Amino acid sequence: MQIRRLKLCGFKSFVEPAELHIEPGLTGVVGPNGCGKSNLLEAIRWVMGESSAKSMRGGGMDDVIFAGTGTRPPRDFAEVVLQGASTGGEELEVVRRIERGAGSAYRVNGRDVRAKDVALVFADAATGAHSPALVSQGRIAAVIAARPAERRQMLEEAAGIAGLHVRRKDAEQK
Ligand code: ATP
Ligand code: MG
């Protein structure tokens, strides 16, 4: 899975449409405290289907929408677009959009899909909102303190087999 481009609009502090090109190799994001570095990583996790508002440092999922400042009114939606290539080399575009009070909607390569379809796309690429490759501030301490079951989940995500559990649960419900 290769992320090539990230577009944000109304997501947290990224109130104006912003577009980032990510070149192959190592990318560093630098800037003063509070400039939005963590928000950027959260945008990647969010478009991959993160469902925990708490892990996005909010009380509810609407908190990812630009909340306004002294000089700017709040927005009523947030959208993040992730463009890249899957492990097999196919082009991939995932869009997540949230409207205040109305929840999230997802699109993969232009088609409306469910949250769990997005989770599968990334689980099969051995990545996703809970990928061990995405290390948030404070996460190292959380890994050290993790219970065995949580640690197993991290290993399964790293091994790219997390998608199998989603499919098994699906099959059991049918
Ligand atoms: P540090 O170097 O301290 O880790 P950082 O670059 O990681 O800083 P972030 O945590 O990404 O900074 O950004 C925090 C900023 O984002 C704060 O100024 C906060 O007010 C702003 N912010 C977060 N959510 C929203 C929102 N919904 N609407 C507007 N601004 C927001
Ligand atoms: Mg930070």
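In the predicted model, strands β4 and β5 form a hairpin with three residues between the strands. Within this hairpin, Gly 101 adopts a positive phi near 80°. β4 covers residues 91–99 and β5 covers residues 103–108, and the two pair in the antiparallel sense over six bridges. Two of the pairings can be given by residue. Glu 99 has Gly 103 of β5 as its bridge partner, and Ile 98 is matched with Ser 104 of β5.

β5 continues into a further hairpin with β6, in which two residues lie between the strands. Here the turn residue Asn 109 has a positive phi of about 45°. Strand β6, residues 111–113, is joined to β5 by three bridges, and the two strands run antiparallel. In this pairing Tyr 106 stands opposite Val 113 of β6.

On the other side of the β4 pairings, β3 and β4 also run antiparallel and are joined by nine bridges. Val 81 is placed opposite Val 95 of β4. The hairpin of β3 and β4 has five residues between the strands, and Gly 89 in this hairpin takes a positive phi near 95°. β3, residues 77–85, pairs in turn with β1, residues 2–9, in the antiparallel sense over seven bridges. Gln 2 has Ala 85 of β3 as its bridge partner.

Taken as a whole, the sheet is open and consists of six strands in the order β2-β1-β3-β4-β5-β6, with antiparallel pairing. β2 and β6 stand at the edges with a single partner strand each, so one side of each has no neighbour in the sheet. On average, neighbouring strands of the sheet are turned by 20° against each other, direction ignored. In a regular strand, side chains alternate between the two faces of the sheet.

Helices pack on this sheet. Helix α1 lies across β1, β3 and β4 and runs at about 80° to β3. Helix α2 touches β4, β5 and β6, and its direction makes about 50° with that of β5.

Helix α2 also packs against another helix. Packed helix pairs are described by the angle between their axes and the distance between the axes. For α2 (residues 115–124) and α5 (residues 162–173), the axes come within 8 Å and cross at roughly 145°. On the α2 side the contact is made by Lys 116, Ala 119, Leu 120, Ala 123 and Asp 124, and on the α5 side by Ala 162, Gly 163 and Val 166. Classed by residue type, this contact has five nonpolar, one polar and two charged residues.

The remaining results concern an annotated site and the ligand. An unreviewed UniProt entry places the feature "binding site" at Pro 32, Asn 33, Gly 34, Cys 35, Gly 36, Lys 37, Ser 38 and Asn 39. In the model, Cys 35 is found in the loop between β2 and α1. Gly 36 is in this loop as well, between β2 (18–21) and α1 (37–47), whereas Ser 38 lies in helix α1.

Exposure was evaluated for three of the annotated positions, Cys 35, Gly 36 and Ser 38. Cys 35 counts as exposed because it has 12 C-beta neighbours inside 10 Å, and a residue is classed as exposed at 12 or fewer. Gly 36 has 18 other C-beta atoms within 10 Å and is therefore partly exposed. Ser 38 is also partly exposed, with 16 other C-beta atoms within 10 Å.

Contacts beyond the neighbours within four places in sequence were found for two of these residues, Gly 36 and Ser 38. Gly 36 is in contact with Ser 13 and Phe 14, and Ser 38 is in contact with Ser 136 and Gln 137. Ser 13 also appears in a distance calculated for Cys 35: the two residues are 22 apart in sequence, and their C-alpha atoms are 8.1 Å apart in space.

Ligand 1 is surrounded by 14 residues, of which Asn 33, Lys 37, Ser 38, Asn 39 and Ala 67 come nearest. Among these, Asn 33, Lys 37, Ser 38 and Asn 39 are listed in the UniProt feature. The shell around ligand 1 has four nonpolar, seven polar and three charged residues.

Terms used. Residues are numbered from 1 along each chain as its sequence is written. Chains are lettered from A and ligands numbered from 1 in the order in which they are written. This is a predicted model: local features need pLDDT of at least 70, side-chain atom pairs count only at pLDDT 80 or more; totals for chains, interfaces and linings use all residues. UniProt positions are given in the numbering used here, feature names are shortened, and annotations may be inferred rather than shown by experiment. Helices (H or I, at least four residues) and strands (E, at least two) are DSSP runs, numbered from the N terminus. A residue is buried if 20 or more other C-beta atoms lie within 10 Å of its own, exposed if 12 or fewer, and partly exposed in between; C-beta atoms are placed from the backbone. Two residues are in contact if their C-beta atoms, placed from the backbone, lie within 7 Å. A residue is near a molecule or strand if its C-beta atom, placed from the backbone, lies within 6 Å of it. Ala, Val, Leu, Ile, Met, Phe, Trp, Tyr, Cys and Pro count as nonpolar, Asp, Glu, Lys and Arg as charged, and the others, Gly among them, as polar. Axes are lines fitted to C-alpha atoms, for helices over the stretch in contact, and angles run from 0 to 180 degrees between N-to-C directions. Two strands pair if DSSP finds at least two bridges between them.
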